[in-house]
Number of protein chains: 2
Amino acid sequence: MKRPVSLKDLAEELGVSISTVSRALKNSGEVSDAMKEKVRKLAKEKKYRPNPFAVSLLKNSPRIIGIIVPDIATYYYSSIISAINQAAVKEGYSTIIVSSDETYEIEKQCVENLINFRVEGILACVSQQTSDFSHFEVLFDQNIPLVFFDRVGLSEKSSCVITDNVESAQTATAHLLENGRKRIGFIGGANHLNIVKLRKHGYLQALRDYKIPIDKDLVVCKEIGYELGYEAASRLLALANPSDAFLCLSESLAFGAFKAIRDKGLRIPDDVALIGYIDEIHADYVSPPLSAMTHQTAQIGKTSFKLLLKQIKGSTEIEKKIIPCILTVRGSSVKKAAGNQLEAPKTTPAQE
Amino acid sequence: MKRPVSLKDLAEELGVSISTVSRALKNSGEVSDAMKEKVRKLAKEKKYRPNPFAVSLLKNSPRIIGIIVPDIATYYYSSIISAINQAAVKEGYSTIIVSSDETYEIEKQCVENLINFRVEGILACVSQQTSDFSHFEVLFDQNIPLVFFDRVGLSEKSSCVITDNVESAQTATAHLLENGRKRIGFIGGANHLNIVKLRKHGYLQALRDYKIPIDKDLVVCKEIGYELGYEAASRLLALANPSDAFLCLSESLAFGAFKAIRDKGLRIPDDVALIGYIDEIHADYVSPPLSAMTHQTAQIGKTSFKLLLKQIKGSTEIEKKIIPCILTVRGSSVKKAAGNQLEAPKTTPAQE
DNA sequence: GTAAATAACGCAAACCTTTGCGTTCGAATT
DNA sequence: AATTCGAACGCAAAGGTTTGCGTTATTTAC
């Protein structure tokens, strides 16, 4: 690996000082137009590229932000990452993406690594295992901006971007109730996650609104994953008084439940209705297509970065942005013959 | 953002020189055990973290590699990224992931950005639009190691990791032929992509092997994407002599075709068989589950990084690694009643 | 024609770490 | 007792860039 050309190289070749070359490339007023021209020409010819380490060393701002996700290879996260990336690139920032693999220990390590990297800020979505957030507190000491998205923590101390968890779950549950379902199974993840707590709240609220008795057996809060969805749904379908509908908190849970229903020989939506937090692009893969609460991942990513950037630029305001989910009713939640779909597919517009 | 503590800060507080502190933390033999202890204690107390910019400036190796993918939010790429990441972290490397958005111009920019970043090496999967690879040649001038994966270019000059394109397509096609299909539609992407060229070759070879006449109308090579899959399949099903099976080169194409078949009111696999390069986790989402050629993304990622690391460490050998696909026969390609499945589900083990 | 102003450029410090080499001092060898 | 050796540490350069300030030389104003 040969040494890249530096300002010094250019300066020597032109017989001028390094400062002049530096200023010329920065289009400073302190250097003549003729000189600027000469410098720029040589720089292009020699393929000069400023050394980012030297600049970062001086300014202590590498123009990099860190992103911590529980998992990279899930559409939901990768699409958010993609949106963050786009917003970041537009502002001249690069991103370093790290995965906690849904593990507390790794997440801890991720935070440390990003600090060592001297990132200018961190966007984080916590792992399923994380119920204690003290490993994020170091960032406050170091004055490194932190914004949580989706699964959040330390909400008194840091900004975050979340979805309308309570309302979306309430809406989804109400939708099932209005279509005549009585025994709605709630299939979620670990209880300490804000998204689980809040959505369960919305689910229960809808039941109360419609005066449906609450049955704790229908609420499953274990882990998020395809197998878990399969197991939970299987169990709820095997009850003496089985479920006639499911609200699933993630795509993997929903498809797991989907398979469980099919394997049981039951029909969707005739025997069992299904709705879940499912990504737009996959909801239509299956037959019947899945009714879904869809996250506006592009908005989530964009907004998260915007909040972070604001903090990087010095703001200390703690903000909480809510990106609404969009309910799209497809085949899995409404019986064709029934025709008693009270509510038109409600698409809440994204804020801002 | 307050200034992080430096070696100098520690040195002053201890009343020793910077070099001693540096060596103490590096556990050098040139400093006494007592001093080491004192330094380490203070370092921990003051939360000293080595400045990566200073180190990189000196050594010109930031321990970062760049990854260029056509798209982040696709399971195939994100799972490869995930595997690369894991391998990289294990070796103390971080990754910067950039997306070309399937665009030639952006890809060009990505390469430039990564060079400016002084990454130690680049792993790349080219965009659909890319047929000219000259923008990668800069890397050779700069002596930056480059390894292509999946969609490759410059194969005489750079190492790459690919799948067994010809063989897998040949096997998949043969599988359809052995199950009685005669009019197999080939739904691929742009012709200039190696993966399309080679797989088409495998497809044609299988037809020849089985003495089936080749019909150019059944070969569609346009773009990769859900809508394109839908269109292509719709068209082939509307032919006077329509397709009775499809081989799709990507998951999005396959699910697009899947929907087209359903919308036409045809049954899978009774009327039309379907097989494609589909990710393991999604193949089972639909009913019937999809027969698939599955990429071993973990292997692809891991092997790619290993090849790159070898080059970073100085090797100039140009290597080409082939990671075989795995054929898993599910419901979409074999009629239940037929029972003439000649070939057992063949799972080729991953190499190494 | 002298004083003041300005344009155009150079010097050098600073950012932080690593490392070859030089220095000092005490202990071991002859 | 004089010499040698090694342990333990300091000095200083190097890596590339930015920037405040100092230095020229030329132009402008009176």
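The legends below describe close-up views of a predicted model in which protein chains A and B are seen with DNA strands C and D.

**View 1. The surface of the protein around DNA strand D.**
DNA strand D is surrounded by 28 residues, and the closest of these are L7(A), Y48(A), T20(B), R23(B) and E30(B). By class, the residues of this surface divide into 13 nonpolar, 8 polar and 7 charged. On the side of the DNA, 57% of the atoms of strand D within 4 Å of the protein belong to sugar or phosphate, while the rest belong to bases.

**View 2. Side chains of chain A at the phosphates of DNA strand D.**
The side chain of Y48(A) has an N or O atom 2.4 Å from a phosphate oxygen of DNA strand D, and a polar side-chain atom of S22(A) lies 2.9 Å from a phosphate oxygen of that strand. For R3(A), an N or O atom of the side chain is 3.2 Å from a phosphate oxygen of DNA strand D. The elements that give two or more residues to the surface near this strand are α2 (18-25) and α4 (52-59) of chain A, together with α2 (18-25) and α4 (52-59) of chain B.

**View 3. The surface of the protein around DNA strand C.**
Around DNA strand C there are 26 residues, of which S17(A), T20(A), R23(A), L7(B) and Y48(B) come nearest. Sugar and phosphate account for 60% of the atoms of DNA strand C that come within 4 Å of the protein. The residues of this surface divide into 12 nonpolar, 8 polar and 6 charged, and at least two of them are supplied by each of α2 and α4 of chain A and α2 and α4 of chain B.

**View 4. Polar side chains at the phosphates and bases of DNA strand C.**
In chain A, the side chain of T20(A) places an N or O atom 2.2 Å from a phosphate oxygen of DNA strand C, whereas the side chain of R23(A) has an N or O atom 2.6 Å from a base oxygen of the strand. In chain B, a polar side-chain atom of R23(B) lies 2.9 Å from a base oxygen of DNA strand C.

**View 5. The packing of helices α1 and α2 in chain B.**
Helix α1 (residues 7-14) of chain B packs against α2(B) at an angle of about 110°, and the axes of the two helices are 8 Å apart. Angles of 65 to 115 degrees count as roughly perpendicular, and α1(B) and α2(B) are therefore roughly perpendicular to each other. From α1(B) the contact involves L7(B), K8(B), L10(B) and A11(B), and from α2(B) it involves I18(B), V21(B), S22(B) and L25(B). These contact residues divide into 6 nonpolar, 1 polar and 1 charged.

**View 6. The open sheet of chain B and a helix packed on it.**
In chain B, 6 strands form an open sheet with mixed pairing, in the order β7-β6-β8-β9-β10-β12. Its edge strands, each of which pairs on one side only, are β7 (219-221) and β12 (326-328), and neighbouring strands are turned by 15° against each other on average, direction ignored. Within the sheet, strand β6 (residues 184-188) and strand β8 (residues 245-248) of chain B run parallel and are joined by 4 bridges, with C248(B) in β8(B) as the bridge partner of I187(B). Helix α8 (residues 165-178) of chain B packs on the sheet, where it touches β6, β8, β9 (273-277), β10 (291-294) and β12, and its direction makes about 170° with that of β9(B).

**View 7. The open sheet of chain A and a helix lying across it.**
Chain A has an open sheet of 6 strands in the order β7-β6-β8-β9-β10-β12, and the pairing is mixed; the edge strands are β7 (219-221) and β12 (326-328). Strands β8 (residues 245-248) and β9 (residues 273-277) of chain A run parallel and are joined by 4 bridges, and F246(A) stands opposite L274(A) in β9(A). Helix α9 (residues 194-209) of chain A lies across β6 (184-188), β7, β8 and β9, running at about 170° to β6(A).

**View 8. Backbone details in the loops of chain A.**
A cis peptide bond, with omega of about 5°, joins I268(A) and P269(A), and P269(A) is placed in the loop between α11 (251-263) and β9 of chain A. The peptide bond from S287(A) to P288(A) is also cis, with omega near 0°, and P288(A) is found in the loop between α12 (280-283) and β10 (291-294) of chain A. E102(A), a residue other than glycine, has a positive phi near 60° and lies in the loop between β2 (94-99) and α6 (104-116) of chain A.

Notes
Residues numbered from 1 in each chain as written. Chains lettered and ligands numbered in written order. Predicted model: local features only at pLDDT ≥ 70, side-chain atom pairs only at ≥ 80, totals over all residues. Heavy atoms only, no water. Near = heavy atom within 4 Å. Polar contact = N/O pair within 3.5 Å; in protein donor to acceptor, adjacent residues only side chain to side chain. Nonpolar A, V, L, I, M, F, W, Y, C, P; charged D, E, K, R; others polar. Axes fitted to C-alpha atoms, helices over the stretch in contact; angles between N-to-C directions. Parallel < 35°, antiparallel > 145°, perpendicular 65-115°, else oblique. Contact = heavy atoms within 4.5 Å. Pairing = 2+ DSSP bridges.
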